[in-house]
Amino acid sequence: MHPPIEPHTSAMLERPDGARLHYEISGSDSGRAALYLHGGPGGSLGKGGYRRVFDPERYRIVGLDQRGCGASTPWAIDDLENLDTNTTPALIADIEALREHLGIDRWLLYGVSWGSTLALAYAQHHPERVSEIILLAVTAGARDEIEWISDGVGRIFPEARARLGELVPPGERVVDAYARMLRDPDPAVRTRAADAWDDWEAAHIGLSPWAGPGPLHDDPRMRENFATLATHYWSQDCFLDIPILERMDRLAGIPGVLIHGRLDVSGPAITPWLLHRAWPGSRLHVLEDEGHGGTGSAQVACDAADEFARG
């Protein structure tokens with residue numbers, strides 16, 4: 001992968017509903033535009049490791065902290081009264097606003113985990129603005145994926161699933177219950193739900209070689225914000241009016257690379273496999289020794305970005 005670099009630009013973009021979106025730019029201002037979409041919902045740009053996927057002499061690398069998380073403001077947990085304005089269509093509009101603000105005609109999309117769902121949703125709405133797509137730890141936001149990650153994978157982690165279910169009333173869908181609790185007026189209810197959700201996420205992500213013991217998020221506020229946004233989106237089927245798999249014809253002519261770990265029990269390889277079959281011109285890489293992302297997957301993404309840069 002390419003050496004670590006720092007952004008040369010960091011700024012905020014004003015958006016409706018009081019949202020201020022943090023974005024950063026690195027690499028060459030005369031290079032090919034590439035946009036990184038982080039995971040979650042509720043993640044962040046983190047320490048900027050995504051920049052190493054791109055050759056800084058060939059790419060203008062843009063990173064965006066999505067609405068309600070990362071360095072964007074306000075966080076979802078600090079603006080619960082406006083949480084219903086945080087939707088996939090709103091995020092797509094945010095991405096378009098950023099593209100127009102930066103004067104970019106077309107850009108490569110690099111999405112990881114939930115970011116791959118968002119990349120696909122954006123590309124299906126604005127295919128003329130997308131040059132190529134690279135997806136890692138691929139998800140598509142479908143109902144069966146959400147049911148699997150919040151319930152079905154409990155067949156592998158029954159102890160953790162039992163703990164998760166302790167707070168769920170009989171007959172209520174897991175993500176619906178947690179989405180409700182994480183908007184409760186009582187801070188103690190929200191904290192308890194956030195801790196339980198983080199315990200569950202840490203359990204099923206734990207098979208990934210990069211994952212370590214302990215909570216997924218050490219910071220309590222980050223833990224609650226991530227859980228709030230994840231359950232908010234999942235309880236609403238990621239706000240996708242039409243499933244992504246049913247609109248893959250919109251990506252005809254856009255080159256794509258899908259990268260997935262065979263050991264990713266949180267999101268089994270069936271998702272990228274189905275997307276690949278419905279997406280002419282895409283390539284699928286399944287790495288046998290990786291889980292939900294990893295160094296090998298990132299290297300495949302880097303190789304793909306280098307190939308696209310060479311034309």
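## A tour of cavities, cores and loops

The lining of the largest cavity comprises five nonpolar, five polar and three charged residues. This is a predicted model, and that cavity is the opening stop.

**Stop 1: the largest cavity.** The volume of this cavity is about 120 Å³. To find its centre, select Arg67, Pro74, Asp79, Asn82 and Asn86, which are the closest to it among the 13 lining residues. The structure as a whole holds four cavities of 30 Å³ or more.

**Stop 2: Pro74 and its peptide bond.** Keep Pro74 selected and add Thr73. The peptide bond joining Thr73 and Pro74 is cis, with omega about -15 degrees. Pro74 belongs to the loop between E4 and helix H1 (88–102), and Pro74 is also one of the residues closest to the centre of the largest cavity.

**Stop 3: the loop between E3 and E4.** Go next to Pro41, in the loop between E3 and E4. Between Gly40 and Pro41 there is a cis peptide bond, with omega near -5 degrees. Now select His38, in the loop between strand E3 (32–37) and strand E4 (59–64). Is His38 buried or exposed? With a relative accessible area of 0%, His38 is buried. Show its surroundings: apart from neighbours within four places in sequence, His38 is in contact with Gly43, Ser44, Leu45, Leu64, Asp65, Gln66, Cys69, Val112, Trp114 and Gly115.

**Stop 4: two cysteines.** Cys69, one of the contacts of His38, leads to the next selection. Cys69 has a relative accessible area of 1% and is buried. Cys238 also counts as buried, at 1% relative accessibility. Select both sulfur atoms and display the distance. Why does Cys69 form no bond with Cys238? The cysteine sulfur closest to that of Cys69 is in Cys238, and at 14 Å it is too far for a bond. Starting from Cys238, the closest cysteine sulfur is that of Cys69, again 14 Å away and too far for a bond. A disulfide requires the two sulfur atoms to be within 2.5 Å, and the count of disulfides comes to zero.

**Stop 5: two positive phi angles.** Move along the chain from Cys238 to Phe239, in the loop between helix H7 (220–235) and E7. Phe239 is not glycine, yet its phi is positive, near 55 degrees. Then select Ala137, in the loop between strand E6 (130–136) and H3. Ala137, likewise a residue other than glycine, has a positive phi near 55 degrees. Ala137 is buried, at a relative accessible area of 3%.

**Stop 6: the second largest pocket.** Select Ala140, Ala142, Arg143, Asp144 and Glu145. What do these residues have in common? They are the closest to the centre of the second largest pocket, out of 15 residues that line it. The space in this pocket is about 230 Å³. Colour helix H3 (143–150) and helix H8 (270–277), each of which supplies at least two residues of the lining. H8 gives the largest share, with four residues. By class, the lining of this pocket divides into nine nonpolar, two polar and four charged residues.

**Stop 7: Val257 in strand E7.** Select Val257, which is placed in strand E7 (residues 256–261). Its relative accessibility is 0%, so Val257 counts as buried. Leaving out residues up to four places away in sequence, Val257 touches Ile133, Ile134, Leu135, Arg283, His285, Ala304 and Phe308. For a sense of distance, add Pro169: the C-alpha atoms of Val257 and Pro169 are separated by 41 Å, and the two residues are 88 apart along the chain.

**Stop 8: the nonpolar cores.** Ile133, touched by Val257, also belongs to the largest nonpolar core. Which members of that core touch the most other members? Of its 74 residues, they are Leu35, Leu98, Trp107, Leu109, Ile133, Tyr178 and Trp197. Centre the view on Trp197 and show what lies around it. Residues up to four places away in sequence aside, Trp197 touches Ser150, Leu164, Val174, Val175, Tyr178, Ala227, Ala230, Thr231 and Trp234. There is also a second, separate core of 23 residues; for this last selection use Leu45, Tyr50, Ile61 and Ala309, which are included in it. Leu45 has already appeared on the tour, among the contacts of His38.

Note on methods
Residues numbered from 1 in each chain as written. Predicted model: local features only at pLDDT ≥ 70, side-chain atom pairs only at ≥ 80, totals over all residues. Heavy atoms only, no water. 1 Å grid on protein atoms, 1.4 Å probe; cavity = no way out; pocket = protein on both sides within 12 Å on 5 of 7 lines; lining within 4 Å. Points joined across faces, edges and corners; volume = space filled by probe spheres on them. Nonpolar A, V, L, I, M, F, W, Y, C, P; charged D, E, K, R; others polar. Buried < 20%, exposed > 50% of the residue type's maximum accessible area, 1.4 Å probe, protein only. Core = buried A, V, L, I, M, F, W, Y, C linked by side-chain atoms within 4.5 Å. Contact = heavy atoms within 4.5 Å.
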